Each structure stands twice: as structure tokens, then as C-alpha cells.
Amino acid sequence: MSAEKTENLNWIDKRFPLTETWRAHISEYYAPKNLNFWSFFGSLAVLTLVIQIVTGIWLAMNYKPDADMAFASVEYIMRDVDWGWLIRYMHSTGASAFFIVIYLHMFRALLWGSYRKPRELLWIIGVVIYLVMMATAFFGYLLPWGQMSYWGAQVIVNLFAAVPVVGEDLSIWVRGDYVISDATLNRFFAFHFLLPFLLVGLIFLHVVALHHVGSNNPDGIEIKDGPKGNRWSDKAPADGIPFHPYYTVKDLVGVVVFLALFSIVMFFMPTFGGLFIEAANFEPANPMQTPEHIAPVWYFTPYYAMLRAVPPMWDSQFPGVAVMFGAILILFVLPWLDRSPVKSMRYKGPIFKSATAIFAVSFIALAWLGLQPVTDLYTLLSQIFTALYFAYFLLMPIYSALEKTKPVPERVTS
Ligand code: HEM
């Protein structure tokens, strides 16, 4: 580095811990040497959030959060604003891509046991991120003011009315009116603009927590507790390698593949068969006409299927609402449900492995069932898969403690 650059850097370092931070979190942050495909999704989640914030700000430059103008302003963006169609499709594709990446990121944590000690708080911050992501997506979904936007929001906000005692007032408070209206659209736009910045803050906490405890790995071995000394440092974990340049370069491979897939969808199938943008949403919202079949976007449908699986009791939908929210809130206690002596699925026994596979199949099946119109068969299937979803968590303290596990090696394996 040139003398002048060094001088400038020294000047900065005396006033701001730039080199120190770079070293501690990038060039001298030692991550396990055996991280694989599953580690791509953290950085891809960062990338997708950046895509959403940048395209969101550009969309906001022409979008009108007004019930009389919203739908037309999206049409205007699509047809008349230079590259407006691209920015819109980047944002709509980005929304689904974000959830695909996050579900794979969360599933990786289930496989590696990355919610176990010492990563309980890292996981809990993650679950909070997931909740804020869902709120952001829900608020954003109303903004195009299409038929499915309008009625989807109507259905979901009405669920608040099922909450005993305060429900009615709560749903009016959320809407700002007795039905979804211009007041609702305005406040949803404000929240949809604000929450991504809250996400940025939460992700900062998430990564700080990660770097404090260290990254987990497919073997679930704490490299920090293992032998010290590698070719970069005598003090660093022997099974660790510097995050930069090794994993920054590796993550770039994930980024290139992701952006290629992203572009194929964005340019050639932006509605993705109605999964990413529903056909009904190409019609402006009509409060006088209910669509034949109302369903939220696919990343919400597992929970929507659970809601519909629980029959109303005493004319109240509250039991279904409780099950739906319970399915997410139970994630907060996961670190304390798993009593297995080992972290990673690699060394867990057949019961835990099958339970995790059944859990994944149930979640995907519920996602599909939530998109379908209600029939007796689909309701029965939703009830079965909802029961299997909860069984994974509620029975975990038993099957994780009971079953025999394989011995975990001293050092990480490839
Ligand atoms: C916008 C959303 C998110 C972003 C940007 C993000 C970012 C990251 C990054 C960069 C890493 C390190 C690289 C990696 O191991 O993948 C990571 C690790 C982790 N994340 Fe997230 N994350 C997000 C959401 C979540 C959610 C929703 C959860 C769980 C509910 C979660 C749980 C974890 C866990 C447990 C780890 C540690 C993994 C390990 O060490 O094995 N994250 N996250």
C-alpha cells in the first residue's frame, strides 16, 4: 500500500476503528473450513434485502399511496416510466426470492443445530427478522391495490377481530377504518417503507451475534474449542480459515448463480405462473366484488392453511388464529426443545432425521394446500400436516433425548 494511503488510513484509524473492524469481522474472522452450499443463504439474504430497498425507493418515486391512484400509478410505472417494468419486476421477484432464501437459511439452521448453545440469541434475532420480513411483505402486498391485494388484506386484518375482547377495536385500529380503505393504504405504505430499515438494524445485530459466538458448520463442532494454530495465525482455530478472501470469493459463486436464476424469472416469467404475482391482481381493487378464491402469496400460505384447518369454535376464528401465530412463535423456544447431545443432523439418529424430513414435507404441503380452494379433503390434509408440523416441535424434547446418536469427531470433516 502506498505511503500516502497508509497515512490516510492511519488518520482514519486514529478516529474510527476501520482496520480493526475489517480485521475482526472480515480478514481475520475465522470461519470453519468446511462450510458448504448451505452457507450461501446468509449473504444472499443480504443481497436480496439490498435489491428490495433500492428498487423500493425507485418505485416510491412514482407510486401513489392513494386508493384512487395506486393501481394506475403501478400501471404507469409498468408502461411509461423508463425501465419502470424492470424495477417493478425486480421488486416483485425479489419479494419471493427473499423468502425462498430465508426458508433455506432457516432450514440450514435446523440441519446444523445452529439454534443450539451458544447461538440461541442469534437464532432468536433471526426469528424476529423473519416476523419483520412477514410484516413488511404483508404491508407491501396491499400497495398495488389489485383485487387480491385488497381482499387478501381484508381477510388477514379481519383475523385481528377474532382476538377476544379487544379484537374489533384492534382490527379498526390496524385498518384506520371499518373496511380496507385509503387510510389503510397510506399507513401500510408508511410501514412498508420503514420496516426494511428496521431489518437492516436487526441484521447488523444478527451478524454481530454471529461473529461473537462464531459460525457453526455441518459437523456442529465448535472450532473455537478445538486446537489452535493455522497457517495464518498461531492463535486462530486450527479448523478455521479467514472469511476474506476465502468465503467472500466463494459467496460470489452463490451470488452469480442466484442472479442468473433471478434474471430468468424476472425477464421471462415474472408472475411465475401466478405464484409471484396473482392474475387477480391485474384487476383494480373492487370492494363490491369478492374474488372467487382468496389466498395470500405462497410464502404465507403454510400458515393460512393452518388457519383454515382449525374449525371456528363458538363462532370465533380465534383458535385458528392462535394456531397460525403459534406456528411461528414456537420457533422462539426451539433452542430449548432440542435435548440431543449432538447439534448436527449428521450425528443425530434416524428418529430426528425422519422428524425433520416429515416437518419439511409438511411445511411444503401446507404451502400448497394454502393456495387451493377449500374442500373437505384439503381441510383434512391441512389438519394432518398442521398436526405433524407441531409434533416436530412438541415431541422434540422426547425423541431428541431418547435416541442414540453417533460420536462427533474431534475435528471438522469436509
Ligand atoms: C434478512 C434476513 C437475514 C439475513 C440478511 C441473515 C444473514 C445471515 C448471515 C450473513 C449469516 C452468516 C452466513 C451464514 O451462515 O449463512 C447468518 C447466519 C445465521 N442466521 Fe441469518 N440472516 C437472516 C435471517 C435469519 C433468520 C430468519 C434466521 C432464523 C430464524 C436466521 C438464523 C441464522 C443462524 C442460526 C445463523 C448461524 C448459522 C451458523 O453459524 O451455522 N437468520 N445470517
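Author: In this predicted model, a residue counts as buried when its relative accessible area is under 20%, as exposed when that area is over 50%, and as partly exposed in between.

Reader: Is Ala153 buried or exposed?

Author: Ala153 belongs to helix α7, which spans residues 147-160. The cut-off for a buried residue is under 20% relative accessible area. Ala153 has a relative accessibility of 3%, so Ala153 is buried.

Reader: What distance separates the C-alpha atoms of Ala153 and Ile294?

Author: Ala153 is part of helix α7. Along the chain, Ala153 and Ile294 are 141 residues apart. In space, the separation of their C-alpha atoms is 9.9 Å.

Reader: Which residues coordinate the iron atom of the ligand?

Author: The coordinating atom is NE2 in each of the two residues, at 2.0 to 2.1 Å from the iron atom. Both residues are buried. They are His105 and His206.

Reader: What arrangement do the 6 donor atoms form around the iron atom of the ligand?

Author: Six donors count as octahedral if opposite donors are over 155 degrees apart and all others lie between 65 and 115. Around this iron atom, the 6 donor atoms subtend angles of 85 to 178°. The arrangement is therefore octahedral.

Reader: How many residues apart in sequence are the parts that His105 and His206 tie together?

Author: His105 and His206 both coordinate the iron atom of the ligand. His105 lies in helix α5, residues 84-112, whereas His206 lies in helix α9, residues 182-213. The pair therefore ties together parts whose separation in sequence, in residues, is 101.

Reader: Where does the ligand sit, and which element gives the most residues to the shell around the ligand?

Author: The ligand sits in the largest pocket. The elements that contribute two or more residues to its shell are α3 (40-60), α5, α6 (120-142) and α9. In total, 24 residues surround the ligand, and the closest are His105, Ser114, Gly126, His206 and Asn216. With 7 residues, the element that gives the most is α5.

Reader: What is the distance from an oxygen atom of the ligand to an N or O atom in the side chain of Ser114?

Author: A polar contact requires a pair of N or O atoms within 3.5 Å. A backbone N or O atom of Gly42 lies 3.2 Å from an oxygen atom of the ligand, and a side-chain N or O atom of His105 lies 2.7 Å from a ligand nitrogen atom. For the side chain of Ser114 and a ligand oxygen atom, the distance is 2.8 Å.

Reader: Which residue pairs are joined by a cis peptide bond?

Author: Most peptide bonds are trans. One cis bond, with omega about 5°, leads to Pro118, a residue in the loop between α5 and α6. Another, with omega about 10°, leads to Pro245, which is in helix α10, residues 243-268. The pairs are Lys117 and Pro118, and His244 and Pro245.

Reader: Is Phe272, with its positive phi, buried, partly exposed or exposed?

Author: Most residues other than glycine have a negative phi. Phe272 has phi near 50° and is placed in the loop between α10 and α11 (301-309). Its relative accessible area is 33%, so Phe272 is partly exposed.

Reader: What is the relative accessible area of Asp315?

Author: Asp315 also has a positive phi, near 60°. The residue is located in the loop between α11 and α12 (318-329). Asp315 is classed as exposed, and its relative accessible area is 80%.

Definitions and conventions: Residues numbered from 1 in each chain as written. Predicted model: local features only at pLDDT ≥ 70, side-chain atom pairs only at ≥ 80, totals over all residues. Heavy atoms only, no water. Donors = N, O, S within 2.8 Å, 3.2 Å for Na, K, Ca; no water. Tetrahedral: all angles 85-135°; square planar, octahedral: opposite > 155°, others 65-115°. Helix = DSSP H or I, 4+ residues; strand = E, 2+ residues; numbered from the N terminus. Buried < 20%, exposed > 50% of the residue type's maximum accessible area, 1.4 Å probe, protein only. Near = heavy atom within 4 Å. Polar contact = N/O pair within 3.5 Å; in protein donor to acceptor, adjacent residues only side chain to side chain. 1 Å grid on protein atoms, 1.4 Å probe; cavity = no way out; pocket = protein on both sides within 12 Å on 5 of 7 lines; lining within 4 Å. Sits in = over half its atoms within 2 Å of the grid points.
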